[in-house]
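Let's take a walk through this structure together. Keep the 3D view open and turn it as you read.

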Amino acid sequence: MRVACIGECMVELSERPDGNLVRGFGGDTLNTALYLARLGVAVDYVTALGDDIWSDEMAAAWGREGIGLERVRRLQGRMPGLYIIRTDADGERSFHYWRDRAAARDLFTEPGAAETEAELERYDLVYLSGISLSLYGETGRAALFETLARLRDRGGRVAFDTNYRPRGWPDRDEAWAAFRAALALADVIFASAEDLDWLFGAAGEDEVLRHRGRAEIVLKTSGASGPVARVLHGPADTAVPAGRAARVVDTTAAGDSFAAGYLAARIAGLAPEAAAAEAHRLAGAVIGHRGAVIPRDAMPAPAARPPGPGA
């Protein structure tokens, strides 16, 4: 199965308790691509980088993780964006961005966009997020949505995570339109109650659940004993609790790794409920470490896989 993740990777500065900054690289769909690769899925990252030293280092790091680089476009004279993470005493993080001229924003508008669109149509599964949508502007999003529609006509599938950052959008109406278009195209939907509340208010769950029966939906909420994934596929509607994590150090990439764990398990043939349990296991390991990317030896061992291709 050919899998592509679409989005942006930025230079990441993580503020430590003593105020010092540690440099790394990060982005929501890049994190998902990395964990998919670690879980044995053949995945390409679809983005644009500049011709600077940080872009070179990013691409080299992705290659070392086993992420495919063929769909990475390099734009002359451009650079990646930058963000700073601050983490509070409870492990909750806040993000502060400098990204207006990031190369990734022009993936679907600069010369070479037509080639990117044509290649995307050939994948079996394409994963993107609400943050991906915020990058491109109306013209770029229109090209992306047309590409995803052609992919689905060919038999490919789309997975969409409702990762929503209000600061990435000029206004809520534009975000509403983009999210509704993406939800209508998605075959697998990852949605958090928090994202839906921020964007749609009290009607948030209805915006997602109207696609029940057509799409496989994983709705993430917070329960008394920890996170809960409500998994809806066909007539089934099952709550899969995560339980309490052994420790919470940093929640960065919790949702990104959850999506990777779920998709990898489904590709391997696990049922949706079992895939959600696998996703919880990976996310639980990730939040026990500082930063988005945990050491390889901290990766949880995958559960036994049934024979045969995934759903």
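What follows is a tour that goes from strands to helices and then to a few side chains.

One thing to know before we set off: this is a predicted model. A good place to start is strand S1, which covers residues 3–6. In a regular strand the side chains alternate between the two faces of the sheet. You can see that here: Val3 and Cys5 point one way from S1, while Ala4 and Ile6 point the other way. Whichever way they point, all of them are buried.

S1 has strand partners, too. It pairs with strand S4 (residues 43–49) in the parallel sense, over 4 bridges. Look for Val3 here, whose bridge partner in S4 is Val43. S1 also pairs with S8 in the parallel sense, this time over 3 bridges. In that pairing, Cys5 has Tyr127 of S8 as its bridge partner. Keep an eye on Tyr127, as we'll meet that residue again.

Now step from S8 to S9. Strand S8 takes in residues 125–129, and S8 and S9 run parallel with 5 bridges between them. Tyr127 turns up here as well, standing opposite Ala159 in S9. How does the chain get from one strand to the other? S8, helix H4 (residues 130–153) and S9 together make a right-handed β-α-β unit. From S9 the chain then crosses through helix H5 (residues 172–185) to S10, and this β-α-β crossover is right-handed. S9 and S10 pair in the parallel sense as well, over 3 bridges. Ala159 has a place in this pairing, since Ala159 stands opposite Val188 in S10.

Is S9 enclosed or open? Of the 5 residues in this strand (residues 157–161), 4 are buried, so S9 is largely enclosed by the rest of the structure.

Next, the aromatic rings. A search of the whole structure finds 9 aromatic pairs. One of them is Phe190 with Phe258: the ring centres are 6.4 Å apart and the planes meet at 85°, and since an angle over 60 degrees counts as edge-to-face, that is what this pair is. The pair links distant parts of the chain, with Phe190 in strand S10 (residues 188–192) and Phe258 in helix H8 (residues 254–267), 68 residues apart. Phe190 and Phe258 are both buried. They also belong to one aromatic cluster together with Tyr127 and Tyr262. So here is Tyr127 once more, the residue that is the bridge partner of Cys5.

Some rings have a charge for company instead. The charged end of Arg2 sits over the ring of Tyr123, 4.3 Å from its centre. Arg99 does something along those lines with Tyr97, lying over the face of the ring at 4.8 Å from the ring centre.

On to the helices. H1 is mostly covered, with 11 of its 11 residues buried. Among them are Asp28, Leu30, Tyr35 and Arg38. Just after H1, Gly40 takes a positive phi of about 95°.

Helix H9 (residues 272–286) lets us try a bit of arithmetic. At 1.5 Å a residue, its 15 residues should span 21 Å, and the end C-alpha atoms are 21 Å apart, which agrees. Its buried residues include Pro272, Glu278, His280, Leu282 and Val286. What covers the buried residues of H9? The cover includes helix H1, strands S11 (216–223), S12 (226–233) and S13 (236–241), and H8.

Follow the chain past H9 and you come to Arg296, in the segment after that helix. Arg296 touches Arg38, Arg64 and Glu65, leaving out residues up to four places away in sequence. Arg296 and Glu65 are 231 residues apart along the chain, yet their C-alpha atoms are separated by 10.0 Å.

Our last stop is Arg180, back in helix H5. Is Arg180 buried or exposed? At 37% relative accessibility, Arg180 counts as partly exposed. Leaving aside neighbours within four places in sequence, Arg180 is in contact with Phe200 and Glu207. Its C-alpha atom is 26 Å from that of Val240, a residue 60 places away along the chain.

Key: Residues numbered from 1 in each chain as written. Predicted model: local features only at pLDDT ≥ 70, side-chain atom pairs only at ≥ 80, totals over all residues. Heavy atoms only, no water. Phe/Tyr/Trp six-rings, centres within 6.5 Å; stacked < 30°, edge-to-face > 60°. Helix = DSSP H or I, 4+ residues; strand = E, 2+ residues; numbered from the N terminus. Buried < 20%, exposed > 50% of the residue type's maximum accessible area, 1.4 Å probe, protein only. Lys NZ or Arg CZ within 6 Å of the ring centre and 35° of its normal. Expected span 1.5 Å × (residues − 1). Contact = heavy atoms within 4.5 Å. Pairing = 2+ DSSP bridges. Right-handed = clockwise from strand over helix to strand, strands pointing away.
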